[in-house]
Amino acid sequence: MIIRKKFKFEGAHIVRDCSSDRCKKSLHGHSYVVEVFLTSTKLDFGQMIYDFGLTKGTIKDFIDSFDHAYAMWSKESEEFKNFIKSNSDRYIEMPVSPSAECFALTILFIIDKVLGATQFNNGEGEVKVRSVRVHETDTGYAEAFLEDLKWFDYELTDIHFSQSIKAEWNDPGMYDKLKLYTSGVLTEKPFVNPFVERKFM
Ligand SMILES: Nc1nc2c(c(=O)[nH]1)N=C([C@H](O)[C@H](O)COP(=O)(O)OP(=O)(O)OP(=O)(O)O)CN2
């Protein structure tokens, strides 16, 4: 079984080296729609794969990082990157191009790590991200699966969120915690879901 939760963000980018002239040469934006698909090995005590509400914490905060933000490939020139950094508060530097494909891969990559760093407290099974679909326009989307992550060898430390983005997270330290847990420095899962008092056993 698969569940799906939809998120949205308004983002800006340039996709260098693509075939579309407008896309590769001009800064432009899209109203992105992100669909996150989750699976599990069993249903939780509420007979759900994963309560939709639980995706509105860390996962939503990460996706919302891209809202009103400029997403740029770290391969951009230092001059261009410095221009963005000194003239725009919200930006994300990524080791991959900000194409729909790479947004999907990057969001999938982070959600996979977030789920691994989350302590589930309502009898959930092994909750996994099945895929992430990123709609760039009404007519085009890219969908990334875990097996596609093999195309890139990137680490959480290669993705940089600006200070202004981090300041708006419910926990401004969440990305540092995720990096510490993923690298094994932190041994306890940093994201803890609420305990649920059960009425039916
Ligand atoms: N496979 C991909 N192709 C394109 C991407 C992408 O991320 N992955 N991105 C772009 C551009 O960002 C562009 O702005 C969107 O392109 P397109 O779908 O052609 O946009 P239009 O609004 O012109 O499309 P309509 O057909 O009018 O809906 C280009 N390609």
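In this predicted model, Glu-35 comes out buried, with a relative accessibility of just 7%. Its side chain meets that of Arg-4 in a salt bridge, 2.7 Å from N to O. Glu-35 belongs to strand E2 (residues 28–39) and Arg-4 to strand E1 (residues 3–13), so the contact ties together parts that sit 31 residues apart in sequence. Arg-4 itself counts as partly exposed, at 37% relative accessibility. The pair doesn't stand alone, either: Arg-4 and Glu-35 are linked with Arg-133 and Glu-143 in a network of salt bridges.

Across the whole structure, the search turns up 12 salt bridges. Another of them joins the side chains of Lys-85 and Glu-93, at 2.8 Å from N to O. Here Glu-93 is buried, at 10% relative accessibility, whereas Lys-85 is partly exposed, at 33%. Lys-177 and Asp-171 make a further bridge, with their closest N and O atoms 2.6 Å apart. In that case Lys-177 is partly exposed at 33% relative accessible area, and Asp-171 is partly exposed too, at 26%.

Charged groups also turn up over aromatic rings. The charged end of Arg-198 sits over the ring of Phe-45, 3.6 Å from its centre. Arg-16, for its part, lies over the face of Phe-80, and the distance to the ring centre is 5.4 Å.

As for ring–ring contacts, the structure holds 16 aromatic pairs. One of these is Tyr-32 with Phe-103: the ring centres are 5.0 Å apart and the planes meet at 65°, which is past the 60-degree cut-off, so the pair is edge-to-face. The two rings come from distant parts of the chain, Tyr-32 from strand E2 and Phe-103 from helix H4, with their positions 71 residues apart. Tyr-32 is buried, at 1% relative accessible area, and Phe-103 is likewise buried, at 1%. Both belong to one aromatic cluster, whose other members are Phe-9, Phe-62, Phe-66, Phe-161, Trp-169 and Tyr-175.

Tyr-175 leads on to helix H6 (residues 174–182), where Met-174, Tyr-175 and Leu-178 are buried. Looking down the axis of H6, these buried residues fall within an arc of 100°, so they line one face of the helix. That fits the usual geometry: an α-helix has 3.6 residues a turn, so residues three or four places apart point the same way. The buried residues of H6 pack against two helices, H2 (58–64) and H4 (100–116), and against two strands, E8 (160–161) and E9 (191–192). After H6 comes Gly-184, with a positive phi near 90°.

Finally, the cysteines. A disulfide is a covalent bond between the sulfur atoms of two cysteines. The search of the whole structure finds 0 of them. Cys-18 is in no disulfide, and the nearest cysteine sulfur, that of Cys-23, is 3.5 Å away. The cut-off is 2.5 Å, so that spacing does not qualify. Cys-102 is a plainer case: its sulfur is 12 Å from the closest cysteine sulfur, in Cys-18, which is too far for a bond. Cys-102 counts as buried, at 7% relative accessibility.

Technical notes
Residues numbered from 1 in each chain as written. Predicted model: local features only at pLDDT ≥ 70, side-chain atom pairs only at ≥ 80, totals over all residues. Heavy atoms only, no water. Buried < 20%, exposed > 50% of the residue type's maximum accessible area, 1.4 Å probe, protein only. Helix = DSSP H or I, 4+ residues; strand = E, 2+ residues; numbered from the N terminus. Arc of directions from axis to C-beta. Contact = heavy atoms within 4.5 Å. Salt bridge = Lys/Arg side-chain N within 4 Å of Asp/Glu carboxyl O. Phe/Tyr/Trp six-rings, centres within 6.5 Å; stacked < 30°, edge-to-face > 60°. Lys NZ or Arg CZ within 6 Å of the ring centre and 35° of its normal.
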